[in-house]
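Me: I'm new to this one, so could you walk me through it with a few questions and answers?

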There are 2 protein chains.
Amino acid sequence: MYPEKNYPVNHLLEFSTRVFLHCGVPKDDAEQAAEVLVAADLWGIDTHGVARLRNYYETLARGFANPRPNIRIIRQMPACAALDGDNGLGLVVGPKANQIAMEKAETIGTGWVSVCHSNHFGIAGYYPWKALAHNLIGWAMTNTTPQVAPLWGAERMLGTNPIAIAFPGYEEPPIIIDMATSTTSYGRIENAIRKAETVPSGWIIDGEGRGTVFPGEMVNGGAIIPLGIDREHGGHKGYCLSAMIDLLCGVLSGANWGPFTPPFPFHLKPPERVVGKGIGHFFGALRIDGFIDPDEFKRRVDEWIHVFRATKPAPETGGPLIPGDPERMARDSRSREGAPLLSSVVKELRELATLVGIPFD
Amino acid sequence: MYPEKNYPVNHLLEFSTRVFLHCGVPKDDAEQAAEVLVAADLWGIDTHGVARLRNYYETLARGFANPRPNIRIIRQMPACAALDGDNGLGLVVGPKANQIAMEKAETIGTGWVSVCHSNHFGIAGYYPWKALAHNLIGWAMTNTTPQVAPLWGAERMLGTNPIAIAFPGYEEPPIIIDMATSTTSYGRIENAIRKAETVPSGWIIDGEGRGTVFPGEMVNGGAIIPLGIDREHGGHKGYCLSAMIDLLCGVLSGANWGPFTPPFPFHLKPPERVVGKGIGHFFGALRIDGFIDPDEFKRRVDEWIHVFRATKPAPETGGPLIPGDPERMARDSRSREGAPLLSSVVKELRELATLVGIPFD
């Protein structure tokens, strides 16, 4: 599935920036959007990187998203704000909101920003990663296209609603948590269909709410199961986490929520009922020295990492990872060797290149 | 297992208050501690209520906890603070920290408080529930006795580390989320042992890290599995959540963390290594009108509840619950009819009553 060569990350950055510019996005915003997007390719989260550039392009080209949004604060207090993204790219609105949360935290210790009227904001982990350089603990959450059934439900009511947070180490690399609140992702269901494979039980239900291993049954009116699977194993907890994120990102911000959250793929019809503006995010930032000496904190994080790396391993495993390990390993190799793109992604990017008249290779 | 009669909640409150007073806890603190403790009995979370009073008593009587702590802010900025609980009862330190978070939120929009040098703080849901009356969205987390293995680990490194948050409705009752980040609780393992039953696969591992259904193997050096179970179903996500809570409550606050978190049962030896002070909590509060008009928010929460209640039900279920439903139903019946106590709990409370010379019945 991978082509013969890797693509240097800077090449992907430049191409993405030029595509956004082509769509009328101002220079700074185009560069910012490309940085968030390509962070996914750099970190090995291939589903969220340039594989989605065509969709962002279509969203802009068809007028579904606003290339020059007037992003504004609609309500605020010193330690919080509510933002209206004016239907801009999430890749532009998200970083602005994150910036506001960080500035508030720098000034008075913490900052929390809800966002409505936005669109898909890329990988959630990008945002707390940005906060690390400022000695801040950053948080990011977003609601997303409904694909997940609540426990005991038989239809799609919630997104895979991710939460991300990061903690800096002193000599160790940071701990970066970035996780969806469902058992699996839609991308893995699509992969199984492409390969004509079944999926593990506990991932999906069919349109009647019965567990199934046939991915086509999820796509045709079924749903993904929340983290925890069933009542006995804590499926209500995955549902609760996803609900928490939907209530903060959607309900509190004034965005759409739950089953009414608009889809990311440009060709899907939005839900018929509108209960708010666009999709919603929620950002937070905590100033470490508002709680503890930052060097002391980072040394404690280092020790946490050492202790957890030394955990007695379960059979046939190498022992626990530290959250962020896989992404860091991908970044280390891909920043040197470039990002391998699936041949289907390369094909799509070449088509896009032709369409907009920007060389890709 | 239940005796012939229920105990009025006020009776449990009064008895608990008198036990705390007997141990030298000042009147206001004794009443506060009893309120948190008995909230668990009122809400149907029987494991966390007066069933634990004897343990709190022993902790105080043996000098393991401080009945008259000098709880102090050791660091702060307008939107955050770090608290040292001076080894007080978590049932006293927790409400003080929550109060500080709420006051900060009232003043400038949000407030976040880390706590070290504390002890078990009761049910996490009590704290955001207190915030509801002030039009605040409250958060509470705590680290706890290590009982859970990280994914791919074969030993106890983390607690069942709960997270709680609550959202007020307008006409509907509030949504209250209060969940551990493990597949199950230690209490359910103990129950299975008491009844000589096996437990579902996916709950626990033995001392070698192998999955088992025999609860005795967990107790003898095994561990509970994090929410999500295995790699395929998102066990790394449960581990990440628990790690997040440990890093905020333990590492950031200056408390003990991970495998070094002291145990709650008074008869267990604390871990040999000390990496901080006591156990840790983390509280937050968000002022709703810092983000959106509170009435508008509450009406949106009502509508969220209506839509989720109307979810198509999965086969053989009544459809999804709204987080907080079970606790509210318990509260409604128990506030009228009293709380049923297990005969073993009644026996223990009667023994305690004799010991301290306070009537119980």
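Me: Which residues point one way from strand 6 of chain A, and which the other way?
Reply: Keep in mind that this is a predicted model. In a regular strand the side chains alternate between the two faces of the sheet. Strand 6 of chain A covers residues 163–167, and five of the five are buried, so it's largely enclosed by the rest of the structure. One way go Ile163(A), Ile165(A) and Phe167(A), and the other way Ala164(A) and Ala166(A).

Me: Okay, and which residue stands opposite Ile165(A) in strand 6 of chain A?
Reply: Look to strand 5 (residues 136–142) of chain A, which runs antiparallel to strand 6 of chain A and is joined to it by three bridges. The residue facing Ile165(A) is Trp139(A).

Me: How many bridges join strand 6 of chain A to strand 7 of chain A?
Reply: These two run antiparallel, with strand 7 of chain A spanning residues 175–179. Phe167(A) stands opposite Ile175(A) there. The number of bridges is five.

Me: Now the helices: are helix 1 and helix 2 of chain A parallel or oblique?
Reply: Their axes come within 8 Å and cross at roughly 140 degrees. Angles over 145 would count as roughly antiparallel, so this crossing falls outside that class. That makes helix 1 of chain A, relative to helix 2 of chain A, oblique.

Me: What kind of residues make up that contact, nonpolar, polar or charged?
Reply: From helix 1 of chain A come Leu12(A) and Phe20(A), among others, and helix 2 of chain A brings residues including Ala34(A) and Glu35(A). The split is four charged, two polar and eleven nonpolar.

Terms used:
Residues are numbered from 1 along each chain as its sequence is written. Chains are lettered from A and ligands numbered from 1 in the order in which they are written. This is a predicted model: local features need pLDDT of at least 70, side-chain atom pairs count only at pLDDT 80 or more; totals for chains, interfaces and linings use all residues. Axes are lines fitted to C-alpha atoms, for helices over the stretch in contact, and angles run from 0 to 180 degrees between N-to-C directions. Helices (H or I, at least four residues) and strands (E, at least two) are DSSP runs, numbered from the N terminus. Angles under 35 degrees count as roughly parallel, over 145 as roughly antiparallel, 65 to 115 as roughly perpendicular and the rest as oblique. Two residues are in contact if their C-beta atoms, placed from the backbone, lie within 7 Å. Ala, Val, Leu, Ile, Met, Phe, Trp, Tyr, Cys and Pro count as nonpolar, Asp, Glu, Lys and Arg as charged, and the others, Gly among them, as polar. A residue is buried if 20 or more other C-beta atoms lie within 10 Å of its own, exposed if 12 or fewer, and partly exposed in between; C-beta atoms are placed from the backbone. Two strands pair if DSSP finds at least two bridges between them.
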